[in-house]
Amino acid sequence: MNNPYTQMFYPRQMETTMQPKQVIVVEPYVYAAVSSLVGKRAVVETSRGSVSGTVLDAKLDHIAIQEAESTFFIRLCEIVWIMPE
């Protein structure tokens, strides 16, 4: 990519295409639903199965659920449905 010819004629294009971009997927309705369940018990169905326990925390991209001594971190985009217990 260090071709002087390309850099001479397309300097701005090279700068913009070479910069990494951070992308965050936000599920606003899922986040709002899970946020209302913090501190309560819930069942969360994911694409890999269900997890039940106490919702410890809700962030924009994941939630934390504790069952007994195990803590599970689940990405919001993997949640199929949520049901309070």
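This is a short tour of three paired strands and the salt bridges around them in a predicted model.

Residues are numbered from 1 along each chain as its sequence is written, and side-chain values use heavy atoms, without hydrogens or water. Because the model is predicted, local features need pLDDT of at least 70 and side-chain atom pairs count only at pLDDT 80 or more, while totals for chains, interfaces and linings use all residues.

**Stop 1: β2 and β3**

Select residues 49-58, strand β2, and residues 62-67, strand β3. Strands here are DSSP runs of E, at least two residues, numbered from the N terminus; two of them pair if DSSP finds at least two bridges between them. β2 and β3 run antiparallel and are joined by four bridges. Label Thr 54 and look across to β3, where Gln 66 is its bridge partner. Then follow the chain from β2 to β3: the hairpin goes through three residues.

**Stop 2: β3 and β4**

Keep β3 and add residues 70-75, strand β4. This pair is also antiparallel, over six bridges. Glu 67 has Ser 70 of β4 as its bridge partner. The hairpin of β3 and β4 has two residues between the strands, and Ala 68 there takes a positive phi near 55°.

**Stop 3: the salt bridges**

Show the charged side chains. A salt bridge is a side-chain nitrogen of Lys or Arg within 4 Å of a carboxyl oxygen of Asp or Glu, and the count by this rule is three.

Go back to Glu 67 and select Arg 41 with it: they form a salt bridge whose closest N and O atoms are 3.3 Å apart. The pair links distant parts of the chain, with Arg 41 in strand β1 (residues 41-46) and Glu 67 in β3, 26 residues apart.

Which residue also meets Arg 41 in a salt bridge? Select Glu 85, at 2.8 Å, N to O. Glu 85 lies in the segment after β5 (79-84), 44 residues from Arg 41.

Now colour by relative accessible area (1.4 Å probe, protein chains only; buried under 20%, exposed over 50%, partly exposed in between). Arg 41 is partly exposed at 36%, and Glu 67 is partly exposed at 30%. Glu 85, at 55%, counts as exposed.

**Stop 4: Asp 57 and Lys 59**

Return to the end of β2 and select Asp 57 with Lys 59; their salt bridge has its closest N and O atoms 3.2 Å apart. Asp 57 is partly exposed at 32%, as is Lys 59 at 39%. To finish, show Arg 41, Glu 67 and Glu 85 together: salt bridges that share partners join them into one network.
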